[in-house]
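Let's take a friendly walk through a protein model, starting with the whole and ending with a few single residues. Keep the picture open as you read.

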Amino acid sequence: MMSTTTVQTLKNFIGGQWVESTSGKTDEVPNPATGETLAYVPISNREDLARAVEVAKAAFKTWGKTPVPRRARILFKYQQLLVEHWEELARLVTLENGKSYEEAYGEVQRGIECVEFAAGAPSLMMGKQLPDIATNIESGMYRYPVGVVGGITPFNFPMMVPCWMFPLAVACGNTFVLKPSERTPMLANRLADLFKEAGLPDGVLNIVHGAYDVVNGLLEHPDVKTISFVGSQPVAEYVYKTAANHGKRVQALAGAKNHSIVMPDADLDLAVKQIITAAYGSAGERCMAASVVVTVGEVAEPFMEKLVQAANAIKIGNGLDDGVFLGPVIRDSHKAKTENYIEIGEKEGAKLVRDGRKDAEANGQGYFIGPTIFDHVTTDMTIWKEEIFAPVLSIVRVQSLDEAIELTNQSPFANGACIYTQNGSNVRKFREEIDAGMLGVNLGVPAPMAFFPFSGWKNSFYGDLHANGTDGVEFYTRKKMVTTRW
Ligand code: NAD
C-alpha cells in the first residue's frame, strides 16, 4: 500500500488553472487490480460548478466567434499531442480502470479518432443555400454553436467517452464543463493538460470532479444549454428528464444487454473468438459487451464446448502484465454485486457451466472475477433481464431465427445485437427485424467509429441526436435561416 501522504488529491480545471475544490470532500481512487490508492478525487460542490460555468460562459463570447479553421488547427495540434502521449494515456486507463493495456491502447485510438473527426469542423459547420426560393429571394442556413455544454461520463471508457463529447462540442464553437466519473477521474486531467498545451484558450474546456451535486448543478444551471450524458439506464433517464425540464437539449446514452445470435451454419471458431472478446474484454464492462448468446438449434452443444474451452484459456490478471486478457472489475462493491447475480442465476435455475468465483485470481488481491457462463437461461430470469456489467455470459437456447429475434426484441435495452451466420438471407432478416441500433455480422463489438452515430435504441438511449458523426454536429450546433431579397 502506498502511504496516503504521497497520494495526490486531484484538482479541478477551471479557466485554464488547476484549482482545489472548495468542498473539502474527497473519495479514494483505488487501482482495481491491486486495491492500492492511486489518488483522491474531490467531490466538488455547486459553488465549484457555478464557477466553472461562469468561466465557460465568459469564454464562449470569444471562442464561439473564433474562426472555425483556427479552432480546427488547435484540434490538429491536440491530435498530434495525443498520439505522442498514446502509451502514457493507455497506461493511465489501465491503472484506473483495470482493462488490459492492449484494450486501453485501443481505447486511446478511439478517442484520437474523435479528435480527428472534430478537426474537420470547417466542413462539418457548413450551412446550405438555395439562391432562388422565389423571384429575387434566396435562403441560407447558417450553423452556430449552442453555448456552454455539460458532459457527464461513466467509468468504463475514461478516454473514449469524454472524447465523444468535448472535442466535437469545442470544435463547433461551444465551451465545455466536464464531470468525469469519480471512479476513473485521472485521465480526464491529462486530456485537459494536453488540450491546453495544444493552444486551447482558457475557459473553453473545464473539469469539475465529483458526483451527484455537480451533475445536478449542471442539469439545473440556466447557463448550461446542452447536456451530453453516458452512463447507466436509471441515471440516463433521470438526467434526460431533469435536464429537459430545465429547458436543455439532452442526449443520454444508457445501459445495455446485447444479444448475439449463433446460427447452425456459423463459423464456430470465429463466433467463439468474437464472443469471448465481446463478453470478457474490459471485464464485460462495455455498453457493447455481448452479455447474452442465443444459440439456434443443434449448434448449442458444439458451441458450448468450444466456448468453455476458450474461456478456460483466458489469462486473468493485472492489465499491465503481458498476455493478460481479463482484468478486474472496477470496485470491490461491483465484484460483490456480480457475485450476487451469480447466486441469483443459480437460484433461479440457470445452469452454471463456468464459475468465475472459483478462479484463483478471484480469491486474491484486487477486484477479480473469472469468466462466468450460464447455460439454459430463460427470459424470466434476473440474469437475462438486468445489465450485470461484468464477465458473466448467459446462453439462451432456441430452435429458429424467428424465435431468436423475437427473444432479443423482448429486451428493454437495444444498444447492439450480433449474428453469426454464412447465409445472406439470415443477415437480411436479422437486419430488418431486430430492434437495436448497432448491429454486427460475424463480429462481436459493432461499435461505430467517430464519424458515424453511436445509435442505441429503446432504453439504451434517451434523446434524439446520438453522439458522434453528423448527429453530434447537429447536437452541438443550432441554425439560423436567413431569407433575403435584393
Ligand atoms: P453511472 O450511471 O453509475 O455513472 C455515470 C455518471 O453519472 C457518473 O459521472 C456518475 O458520477 C453520475 N451519476 C451516477 N449516479 C448518479 C445519480 N444518482 N445522480 C446523478 N449523477 C449520477 O454509470 P457507470 O457505472 O459509471 O457506467 C457504466 C454504465 O454506463 C453501464 O450501464 C453502461 O452500459 C453505460 N454505458 C453506456 C454507453 C452507451 O453508449 N450507451 C457507453 C458507456 C457506458
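## The whole protein

In this predicted model, buried residues make up 52% of the 486 residues in the protein. The radius of gyration is 23 Å, which agrees with the value near 23 Å that a compact globule of 486 residues would have. Laid along the principal axes, the C-alpha atoms fill a box of roughly 75 × 70 × 40 Å.

If you trace the secondary structure, you will find 16 helices and 22 strands. The chain also brings distant parts of its sequence together: among contacts with a separation of 6 or more, 71% join residues 24 or more positions apart.

## Helix α4

Now look for helix α4, which runs over residues 101–118 and so has 18 residues. From its first C-alpha to its last it reaches 26 Å, close to the 26 Å expected at 1.5 Å a residue.

Which residues of α4 are buried? They are Y101, E103, A104, E107, V108, G111, I112, C114, V115, F117 and A118. An α-helix has 3.6 residues a turn, so residues three or four places apart point the same way. You can look for that spacing in E103, E107 and G111, which are among the buried residues of α4. The cover over these buried residues includes α2 (68–84), α3 (86–97), α5 (121–124) and α6 (160–171).

## C287 and the ligand

The UniProt record, in an unreviewed entry, places the feature "active site" at C287. In the model, C287 lies in the loop between α10 (268–280) and β13 (290–296). Is C287 buried or exposed? C287 is buried, because 26 other C-beta atoms lie within 10 Å, and the cut-off for a buried residue is 20 or more. Not counting residues up to four places away in sequence, C287 touches G255, A256 and N415.

C287 also appears in the surroundings of the ligand: of the 28 residues there, P154, G231, S232, G255 and C287 come nearest. The residues of this shell divide into 16 nonpolar, nine polar and three charged.

## N31 in another loop

Finally, find N31 in the loop between β3 (26–30) and β4 (37–42). N31 counts as buried because it has 22 C-beta neighbours inside 10 Å. Leaving aside neighbours within four places in sequence, N31 is in contact with E36, L38 and L95.

How far apart in space are N31 and W384? From C-alpha to C-alpha they are 30 Å apart, with their positions 353 residues apart in sequence numbering.

Definitions and conventions
Residues are numbered from 1 along each chain as its sequence is written. This is a predicted model: local features need pLDDT of at least 70, side-chain atom pairs count only at pLDDT 80 or more; totals for chains, interfaces and linings use all residues. UniProt positions are given in the numbering used here, feature names are shortened, and annotations may be inferred rather than shown by experiment. Helices (H or I, at least four residues) and strands (E, at least two) are DSSP runs, numbered from the N terminus. A residue is buried if 20 or more other C-beta atoms lie within 10 Å of its own, exposed if 12 or fewer, and partly exposed in between; C-beta atoms are placed from the backbone. Two residues are in contact if their C-beta atoms, placed from the backbone, lie within 7 Å. A residue is near a molecule or strand if its C-beta atom, placed from the backbone, lies within 6 Å of it. Ala, Val, Leu, Ile, Met, Phe, Trp, Tyr, Cys and Pro count as nonpolar, Asp, Glu, Lys and Arg as charged, and the others, Gly among them, as polar. The radius of gyration is taken over C-alpha atoms; the globule rule is 2.2 Å times the number of residues to the power 0.38. The expected span of a helix is 1.5 Å times one less than its number of residues.
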